[in-house]
Structures are given as structure tokens and as C-alpha cells.
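Me: Please give me a close look at one part of this model, the way its helices pack against each other, and then at the residues elsewhere that seem worth a second glance. I would like the cut-offs spelled out as you go.

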Amino acid sequence: MSTRLLIIGASSYLGGHLLRRTADRAAGLTVQTAGRTQLSGAHRRLDLVSDGPERIAEVLAAASPDVVINCAGATAGLPADLAAANITAVQALVTALLAAGLPIRLVHIGSAAEYGGTEPGVSVTERTPPRPSSLYGVTKLAGTRLVELARNAGLDAVALRVFNVVGAGAPEDGLPGQAAAQLRRALRDGGEVSLGPLDGVRDFVDARDVADAVLAAAVADRLPHPVLNVGSGTGIPARTLVKELVAVSGYDGVLREDAAGSARSAALSFQQGDITLARADLSWSPRRDLTSSVTDLWRAAR
């Protein structure tokens, strides 16, 4: 039997990778999309923030999905914008799903920014107390809490705390996308590359591996735990990622570390995820190494 997926926010970075992975394994999946950006195929216009539970309920009734995958959200913006996209929208979605009273699963995309700073050398587990250090992390944590509350009320739901994603189409508000964009411009126009400090250790995970984890959560027989870490399970210095990207690009110019760091994670010196639960619950493991991820990113950027 085919599993009917409704992907909300399919025009986003991760949403796009998820759509491509569903095409790769089309057998057994029927895919519809919903969101503010019009996409080809079976698409329904939906704004989780402004439309509210009633419009969401209409879309659910029309799409009749087995699984809703929420890739919508905001990574930057004014506090009100972050709160609306990452909290108000999630509240409206879980309210509509609970009111529907149907056996629909929710797979919600959370963020490792919910954890905040951690002790160097120590992996964060799903039981690690979250202490977000950015407004983005605070709003994403609030969204995850709403999903957990909905699960306690009877919704079949899981939140995937995704770590630092690397892959084709990476946005420029994160280190991988910003570094690729600057290298592309430097190779084209000449000049130097100027990034923020690269001493921090991050858990970089391939976007295709994240998409595979999302699909594994969508079709799993059961989801024993409400929150799952999705990462590589290994912390790597940000400088290592940039060096890999420089090597793939062929750039041999000046690389500076004198710019401001990301507002989402500049204050974090170390972050590494423990992915034991995701391996067990989803029968999933990351398959791509950093070189593969960086190569995919650079080919798309070039």
C-alpha cells in the first residue's frame, strides 16, 4: 500500500531535498505539497501562520494524508517573525491535526539549536536539558514542546532535532552556504574570502541523510520516542569543513576569519549529537561523509 505524504514547506532547503528523495524512492509513496510558494504537482496553498487551524483542517481533509511532514519555519528575522513561524504555526498545525481525530502522523523538523551550549567533548542526547542560546533556538524549542504536548494528547508525532545540515542549495545564513557563495564570488571576481571564527566544533550532517531520516520517521511502524536527534554523531571543527570546501573549489586565495559569526550559533564552542535513539527507532544511519556533502554543495553552488 502507498503511504500518502503531505509535505508542508517543501520549497525550503530541507523540503527540497526531501522532495528529491521521495522521487528517488517513488514506490510506495504518494506525495502532495502545501505552502505559500506554488510548486508543480499536487500542491495546495497554505500559510500556517495566517490561515489558522480552520484552513489547515480544510487542506488535511482534501489531501487525506497518512503523514504530515512539517518543514516550514524561519531561521532568521525579527522576534515576532520567528515566533510566528516557529511557534504560532506549529500550534495551529497540531490543533488542526488533533481536531481532525484521524490517524495522521506528524513528523516535525526541529533544530539542534534547541540545546544551546554543551560541555566540550560530550554528546547531547534527547534527555540533555535544552538551554537555547539564541532566539531562533528558543522558538524552535517552543515548537518542539507543542509537538510533545500534542503527542501526550494522542497525536502520533515526532520532532527531529536536526544538526548542522550540509548539501546542495545551502542558504547563505549558515556557514556552509555562506562559504560556498563567497568562494564562488572570489573565483569569479577575484578578492578574498572573509568568514566568522572557525574554531567551533559542529555536528555536520548531509542533507540527503536528513531527508532519509525524515522518510524513515514517516513510514516507521511505531515511534517510541517523541524527540530524536538527527546528525552525523561526530563533531568536526568548522575550519575542517571550510578547508574541504576550499579544496573542492580550487580556491588558493586569502581566507580570513574576521567577520561576525552566525547569530544562531556563534556563541557555541562545541556541539555533537548522540544519534543512538534515531538509529534504533528509525533503523537509520547517516551514509555520507563530509567530503561527499561538501562536493554536493559546491557542484550546486558552481
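Reply: The crossing of α1 and α6 is right-handed, a term that applies when the near helix is turned clockwise from the far one by less than a right angle, whereas an anticlockwise turn would make the crossing left-handed. This is a predicted model, in which local features need pLDDT of at least 70 and side-chain atom pairs count only at pLDDT 80 or more, while totals for chains, interfaces and linings use all residues. Residues are numbered from 1 along each chain as its sequence is written, and side-chain values use heavy atoms, with hydrogens and water left out. The helices and strands are DSSP runs numbered from the N terminus, a helix being H or I over at least four residues and a strand being E over at least two.

Two packed helices are described by the angle between their axes and the distance between the axes. Helix α1 covers residues 13–24 and helix α6 covers residues 207–219, and the two pack at an angle of about 70° with their axes 9 Å apart. That angle makes α1 roughly perpendicular to α6, on a scale where under 35 degrees is roughly parallel, over 145 roughly antiparallel, 65 to 115 roughly perpendicular and the rest oblique. The axes are lines fitted to C-alpha atoms, for helices over the stretch in contact, and the angles run from 0 to 180 degrees between N-to-C directions.

On the α1 side, the contact (heavy atoms within 4.5 Å) is made by Y13, L14, H17, L18, R21 and T22, and on the α6 side by A207, R208, V210, A211, D212, V214 and L215. The residues of this contact divide into 8 nonpolar, 2 polar and 3 charged, where Ala, Val, Leu, Ile, Met, Phe, Trp, Tyr, Cys and Pro count as nonpolar, Asp, Glu, Lys and Arg as charged, and the others, Gly among them, as polar.

Taken one at a time, both helices have the span expected of them. The 12 residues of α1 reach 17 Å from the first C-alpha to the last, close to the 16 Å expected at 1.5 Å a residue, the expected span being 1.5 Å times one less than the number of residues. For the 13 residues of α6, the end C-alpha atoms are 19 Å apart, which agrees with the 18 Å that they should span.

Burial can be set beside the contact. Buried means under 20% relative accessible area, exposed means over 50%, and partly exposed lies in between, with a 1.4 Å probe and protein chains only. The buried residues of α1 are L14, G15, G16, H17, L18, R21 and T22. In α6, 12 of the 13 residues are buried, so α6 is largely enclosed by the rest of the structure; among these buried residues are R208, D209 and D212.

A second helix pair offers a comparison. The axes of α7 (residues 238–249) and α9 come within 9 Å and cross at roughly 55°, and the two helices are therefore oblique to each other. Here too α7 passes α9 in a right-handed crossing. In this contact T240, L241, E244, L245, V248 and S249 of α7 meet L290, T291, V294, T295, L297 and W298 of α9, and the residues divide into 7 nonpolar, 4 polar and 1 charged.

Outside the helix pairs, two serines have backbone angles to check. S283 lies in the loop between α8 and α9 (290–301), and has a positive phi of about 50° although it is not a glycine; at 70% relative accessibility, S283 counts as exposed. Phi of S64 is likewise positive, near 50°, and S64 sits in the loop between α2 (48–63) and β4 (67–70), where it is partly exposed at 37% relative accessible area.

Two residues of the loop between β13 (255–256) and α8 (276–282), L268 and A259, meet parts of the chain far off in sequence. L268 is buried, with a relative accessible area of 7%, and although 151 residues separate L268 from G117 in sequence, their C-alpha atoms are 5.2 Å apart. Leaving aside neighbours within four places in sequence, L268 is in contact with G116, G117, S133, G200 and R202. A259 counts as partly exposed at 27% relative accessibility, and its C-alpha is 4.3 Å from that of G196, 63 residues away in sequence.
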